[in-house]
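These are my notes from a session spent looking up the ligand site and the pockets. I began with the contacts of the ligand and then turned to the pockets.

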Amino acid sequence: MIELSLDNSVRSLLKRGIAQLREADIPSFTLATELLLLHILGRNRTWLYSHPEEILTDGEAQRFFDLIARRAAGEPTQHLTGKQEFWGLEFEVTPDVLIPRPETEHLIEVALDRLALRERRAGRPEKSAGEGLQIADIGTGSGCIVIALAKELPAANFVATDISPAALAVAKRNAARHSVSNRIHFIECNLLAFPVGAQQAAPQPGKMPTSAPPAFHESPVTNHQSRLFDLIVSNPPYIGRRESPSLPREVRDHEPPAALFAGEEGYELYADLIAQSAEHLKPAGILVLELGHNSLPAAQPLLDAKDWTDVGVTNDLAGIPRVLAAERL
Ligand SMILES: C[S@@+](CC[C@H](N)C(=O)[O-])C[C@H]1O[C@@H](n2cnc3c(N)ncnc32)[C@H](O)[C@@H]1O
C-alpha cells in the first residue's frame, strides 16, 4: 500500500509517479506515468496539462499508485491500460497477444506500396479500395496488421491465422471494434496449414464468419485451389531463445512466448512460411514479411529465383533491415 499525501492534485501525482518510475529504471517513465494517470481519469493529454490543480479522490489516487507499483515491477504499460495505438487505430491488448510495435507499420507501408505498384503496372488507378483482393495475415496476434489493411482497403477480403486461440479471441474483438469483422475470416492453424474446409479466403459477402475456429490441422493444403491470395503478410515470431536472457523483462516476463520465439536462433519459421506462401499466392502475388534484427541473411536466400522475383528489403528508422518483400512468379 502506498501512502497517500494530502496533495492529490494532478501535478503532484504526476511528479510522484514520474519519480517512482525513474527510480525503478523504467524506460519512458514520464510517458508511462502520464498514460497511467490518463487511464485512471479517462481524460486526454491536453486535459492533463491544462488542469494541473485538479484534485483526485483518494480512491483514484490509490488506483493510480497501484498501477505505478505494477509498472515499476515490470508489467508493460499497455497491459495496465489494456490498449495500444497502431496505424492511428486503438487496439485492445492483453497478455495473450504481442503488443503492436511501431516498426510493424513499415510492413503495412510496404504492402500498400507494392499493391499500388501492381495496379499501376496493370494500368489501373494506384489508389484502389482493394476490390477482388484476397489477403492473408499469418500470425495475426492482436489483429493489428489485418485490421489496418482492412481499413485501408475497404473492398478487400482477408484471412487471419494464429496458432493461439486466445490471441484470435482478442483479434476478433479488435475487428469488431473497428467494424471489419465481416471481411476477415479468423482461422486457428499452424502458419498456412488451413484445416480442410477452411480454404475459402474470406467470408461470403454479407455473412459473418463463424465464431468457432476450425480444428487445428497439421498438413498444408497444396492443391491449386489453395493458391488463393494476392497478398500474404506476416510478422512472425523471430527472437532466438538464446537471446531470452538479454530481453527487457517487460518482454521476456509478460509477452506470450509463442509470439516472441521461433527457435534457438529466431529465424527458424521463415523457411516454412516462405515455402507455404509460394503455394498459397497467385502468380504475381506479393509476400511481405517482418524481419528480426538478424533475420535477413537467413530469410532472403529462401526467396529463390525459381519462385520469386522483385525481392526488396526496407530498413526501419533505426536502419535495421525490417521488411522483406517479393513477388511470386
Ligand atoms: C510476433 S507476433 C505478431 C502479432 C501481430 N501480427 C503483430 O504484428 O503485432 C507473432 C504471432 O504469430 C503467432 N504464431 C506463432 N507461431 C505460429 C504458427 N506456427 N502459426 C501461426 N501463428 C503462429 C503467435 O501466436 C503470435 O500471435
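I looked first for polar backbone atoms beside the ligand, and in this predicted model I found one belonging to I163 at 3.2 Å from a nitrogen atom of the ligand. T140 likewise places a polar backbone atom 3.3 Å from a nitrogen atom of the ligand, and for L191 I noted a backbone N or O atom that lies 2.7 Å from a ligand nitrogen. I then checked how far the ligand is covered, and found that the protein buries 95% of the 590 Å² that the ligand exposes when taken alone.

Next I listed the shell. I counted 18 residues that surround the ligand, with G139, D162, N190, L191 and N235 as the closest. Sorting the shell around the ligand by class, I recorded ten nonpolar residues, seven polar ones and one charged one. As for helices, α7 (residues 144-152) and α10 (residues 257-260) each contribute at least two residues to this shell.

Which pocket does the ligand take up? I looked this up and found that the ligand fills space belonging to the second largest pocket, for which I noted about 450 Å³ of space. Its lining comprises 28 residues, and those nearest the centre of the pocket are G139, D162, P237, A258 and A259. The elements giving two or more residues to the lining of this second largest pocket are α7, β4 (157-162) and α10. By class, I wrote down 16 nonpolar, nine polar and three charged residues for that lining. G139 and D162 therefore appear in my notes twice, being listed among the residues closest to the ligand and among those nearest the centre of the second largest pocket.

I then turned to the largest pocket, which holds about 1,200 Å³ of space. I found 42 residues lining the largest pocket, with Q78, Q84, I99, P100 and R101 lying nearest its centre. Which element gives the most to this lining? I found that it is α2, with five residues. At least two residues each come from α2 (29-41), α5 (77-81), β1 (83-86), α9 (249-252) and α10. By class, I entered 20 nonpolar, ten polar and twelve charged residues for the lining of the largest pocket.

My last entry concerns α10, which I met in each of these searches: it supplies at least two residues to the shell around the ligand, is listed for the lining of the second largest pocket, and is listed for the lining of the largest pocket.

Methods
Residues numbered from 1 in each chain as written. Predicted model: local features only at pLDDT ≥ 70, side-chain atom pairs only at ≥ 80, totals over all residues. Heavy atoms only, no water. Near = heavy atom within 4 Å. Polar contact = N/O pair within 3.5 Å; in protein donor to acceptor, adjacent residues only side chain to side chain. Areas by Shrake-Rupley, 256 points an atom, 1.4 Å probe, with all protein chains shown as cover. 1 Å grid on protein atoms, 1.4 Å probe; cavity = no way out; pocket = protein on both sides within 12 Å on 5 of 7 lines; lining within 4 Å. Sits in = over half its atoms within 2 Å of the grid points. Helix = DSSP H or I, 4+ residues; strand = E, 2+ residues; numbered from the N terminus. Nonpolar A, V, L, I, M, F, W, Y, C, P; charged D, E, K, R; others polar. Points joined across faces, edges and corners; volume = space filled by probe spheres on them.
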